[in-house]
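Biologist: I keep tripping over the vocabulary people use for models like this one. Could we go through it and see what each word rests on?

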Amino acid sequence: MSRFTPENEQLAREIVARYPRPKSATIPLCHLAQEQDGYLADDAMTHIAELVGVTPAEVLGTASFYEMFKRKPIGKYLITVCTNISCQLLGGEELLEHAERTLGISSGSTTDDGLFTLEDVECIAACTEAPACQVNYRYQHRVSHDDFDQLVDDLREGRRDEVPAHGTLARVRQQLGADRIANITPPEAQDQPVWITRHEREAQSSGTAAGGGS
Amino acid sequence: MTTTGAAPGTPLIVSSRFEVLDAHTLDGYKASGSYEGYAGLRAALARSPQQVLDEVKDATVLGRGGAGFPAGTKWGFCPPGVWPRYIVVNGDESEPGTYKDRVLMERDPHQLIEGCVIAAYAIGAAQVFLYVRGEMAHAQERIAAALNEAYDANLVGRNILGTDFSVDIVLHWGAGAYIVGEETALIESLEGNRGMPRLKPPFFPAAKGLYLKPTIVNNVETLSNLPWLMNNGATAFKEFGSDASPGTRLIALSGHVNRPGVYEIPQGTTTYRDLFYDDAYGAGIRDGHELKMFIPGGASAPWFFPEQVDIPLEGRVVGAAGSMVGSGAVVVMDETTDAVRACLRIVRFFARESCGKCTPCREGTSWEEMILRRILDGQGRPSDIDALLDVADNISPGPYPVAAHPEAGLEAVPFPPRQTTICPLGPSSVAPITSAIRRYRHEFEAKITKRESIPVMAAGAGG
C-alpha cells in the first residue's frame, strides 16, 4: 500500500493548488494518505513527493518529525492518554496504568486483534477536564477507570459511531477549489494588494495617512 | 461540558458565545450578538486599513499566545513596500495546562475567521493560513464548516462583501509537535519542513517569514478579539483590564481546585487569589486541602507559592515576581502533590518535545529527565541536585527567574531567563527544576539520602 486512489489524487492536487509553494502541502497530503490507508505508507510518500515536487526522502524527512504520522499499520483505534501535569495531578498516570491492564498491553504497543494501540501523550488541551484521553483524536473528558472500560467495550462492539478509524481527522473538508480561490499567485509575482493601493491613493488626494503601514 | 465564561458582572469579549449551542454556525453567530453576522468586518471595511491598524495599536491588544507582544506593533514591523505579506494563525495550542484556543476554535470559529479577515484587510495580506493543531479533529471540523459557510456568504474569498478586498483563508493542520507553536518553527512546518525554529535575527517573521516574505503570526485568541474591537472601539476595549494590559484574557484554571474551567477575566486586575477562591472561578482548593504551589502561566513558567497569590495576572507584575502569565494556563497544586514527581513530569515533556536542533537543549533536557527519574525512584546520588542545577545552567546561564521566598530571605529573580539555545523550549525546562529545588529542596534530599517516602499524589480519576 499505497499510492493515492484517483479520487484522492484529485483532492491532493486541489490541496497543492492552495499553497503558493507546493511543498507546503506535504503535511496535509501525509494526513490524506494516512486517512486512506490508516498509516503513512512508503508508496504514499513517493506519490506525495511527485505531487509536491520533492524527493521521497524529503517527504520522509518531514513526516518523521511529527508524532501523528505512523509509518507502520497500528490499531484501528489509537487511544492516547494524557499524563502531563494537569492530568497527572488528577490521576492521569493511574489511568494509563489502568488502560495497560484493561487492554493487556504496555503503552506504545497494539493489541493482538489489531483493534487498539495505546500511547501516553503530552498535553492535549483538555486540562480543566482531567484526566483526559483521546480515541483517534476524539476527546474523552474526566475519564474514570470505569468510564475507560466502558469506552473500550463500546469500541469493541462498534457502538461509538462518532469515532472513525485511525487516520481520519476532520470529516468536514474545506471547499477551496479553483472555482473559489481568490489568490494563488506565487510570492515572487505578488504585488501590493489593490485595496491598499486604492486607500493610499485616496489618502494622498485627501492629504491623510492610509495604507496599512505600507 | 467544560465550565466556561466570566464572573457575573464582568466583561465578555471573546467568550460571549461559549454557551450558545449553535454559535459555530453562521446562523447561530448572526443570531447571537453579531448583527447581520460579521458586523466587526463591516465596521473595519468602512475604515481604511491604516485606521484599522491604528485602532488595534491604540487598544494595545497584547498577543495572547505567550509572549504578550502588542499585536498592532507587530503588524507595524512589516517592512514598507515589501509584498506579499502573509498572516499565519497560530492554533497549535500545546503548552501544558493551556486550554483556550481549542474552546475558541470549537465553539466560536466565525469570531476567529472574522478576526482573520479584519487583520488581512489591515495588513494587506495575500493569504491567511490557519494552522490548527493536528490532534484537534473537532476544531478542524468546526473551522472547515465555518469557512465553507463564510465563503458561501462572501465573507471570505473574492471581493469580500462587494469590495475590492479579496483574501483566502487556508485551513492547515499540524501533525503532533509542541515546538511548532514557536512562530518560526510554525513557518518551517507550513513550508513542509521539520518544525525546527529559525535563528532570529535574521528570521524575524514580520520581515522574513513564510517563503522569506513578511509574515504576521498571531495567536487564535488575539485575532478573536478583533471583531469586538472593531464594533466597540479601542476606548471601550481599554475600559477592561489595567492600563498596561487592557482587555480580557482567557485563563484555563486546572489542577486541584473545586471548579476548574476556562474563564474570561479582566486582564491585569484579577489576582490569583480571586481566581482560586472566588465562587465564580475556582471556588477554592479541592476538598478543603491547602495550596502548596501553582504554575501561573503554562508549564514553561516558574512556579509560584502561597506568598504570591495576591499578585494580579498582569504581564509586568508577574514578570517582576519571577514568572510569566504566558499562555494563561494556571495549574493549582495542593499539599498532596509530590514536588519531585510534578517537576519530573514537566521536564520529561520538554525532553520529549525538544526538536534536537540546539545541543544544550537536546542533551540537557534528557539529562535533567534522567537525573530526576533516578531521584524519584530512590536511586538518587548526593551530587544529583548540584548536577541538575549544573545541567540547567548550561541551557539557561546565570540566575534563573524564580519567585521570592521571604521565609528564607530570598528575593525574586525577574523573568525572562537567559538562553544558550535558539528558542525558549530548553530554558523552559529549567523552570520547574529551579522552582522546586529552591522551595522544596528537602523533598529532593529526603528522596536521595533517606530514601524517604514523600506525600504521594491522590490516585483515582477526577469527578
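Modeller: Sure, starting with strand 8 (residues 291-295) of chain B and strand 9 of chain B, which pair in the antiparallel sense over 4 bridges. Keep in mind that this is a predicted model: local features need pLDDT of at least 70, side-chain atom pairs count only at pLDDT 80 or more, and totals for chains, interfaces and linings use all residues. Residues are numbered from 1 along each chain as its sequence is written, while chains are lettered from A and ligands numbered from 1 in the order in which they are written.

Biologist: What makes strand 8 and strand 9 of chain B a pair?

Modeller: Two strands pair if DSSP finds at least two bridges between them, and here there are 4 bridges. B:Met293, for instance, stands opposite B:Met333 in strand 9 of chain B. Strands themselves are DSSP runs (E, at least two residues), as are helices (H or I, at least four), numbered from the N terminus. Strand 6 (residues 248-255) of chain B is joined to strand 9 of chain B too, by 4 bridges, and those two run parallel. There, B:Ser254 has B:Val331 as its bridge partner.

Biologist: Why is strand 9 (residues 329-334) of chain B called largely enclosed?

Modeller: Because 6 of its 6 residues are buried. Buried means 20 or more other C-beta atoms within 10 Å of a residue's own, exposed means 12 or fewer, partly exposed is in between, and C-beta atoms are placed from the backbone. In a regular strand the side chains alternate between the two faces of the sheet. For strand 9 of chain B, B:Ala329, B:Val331 and B:Met333 are buried on one side, and B:Val330, B:Val332 and B:Asp334 on the other.

Biologist: How do you know whether A:Tyr19 is buried or exposed?

Modeller: Count neighbours: A:Tyr19 has 24 other C-beta atoms within 10 Å, so it's buried. Its place is in the loop between helix 1 (6-16) and helix 2 (26-37) of chain A. Leaving out residues up to four places away in sequence, A:Tyr19 touches A:Ser24 and A:Ala25. Contact here means C-beta atoms, placed from the backbone, within 7 Å.

Biologist: What angle do helix 3 and helix 4 of chain A make where they cross?

Modeller: The axes of helix 3 (residues 42-52) and helix 4 (residues 56-63) of chain A come within 8 Å and cross at roughly 110 degrees. That makes helix 3 of chain A roughly perpendicular to helix 4 of chain A. The cut-offs are under 35 degrees for roughly parallel, over 145 for roughly antiparallel, 65 to 115 for roughly perpendicular, and oblique for the rest. Axes are lines fitted to C-alpha atoms, for helices over the stretch in contact, with angles from 0 to 180 degrees between N-to-C directions. Residues meeting there include A:Met45 and A:Ile48 from helix 3 of chain A, and A:Val59 and A:Leu60 from helix 4 of chain A.

Biologist: Why are strand 4 and strand 5 of chain B put at the edges of their sheet?

Modeller: The open sheet has 4 strands in the order 4-3-2-5 (chain B), with parallel pairing. Strand 4 (168-173) and strand 5 (215-219) of chain B each have a single partner strand, so one side of each is left without a neighbour in the sheet. The twist averages 20 degrees from one strand to the next. Further in, 7 bridges join strand 2 (residues 85-91) to strand 3 (residues 125-132) of chain B.

Conventions. Contact = placed C-beta atoms within 7 Å.
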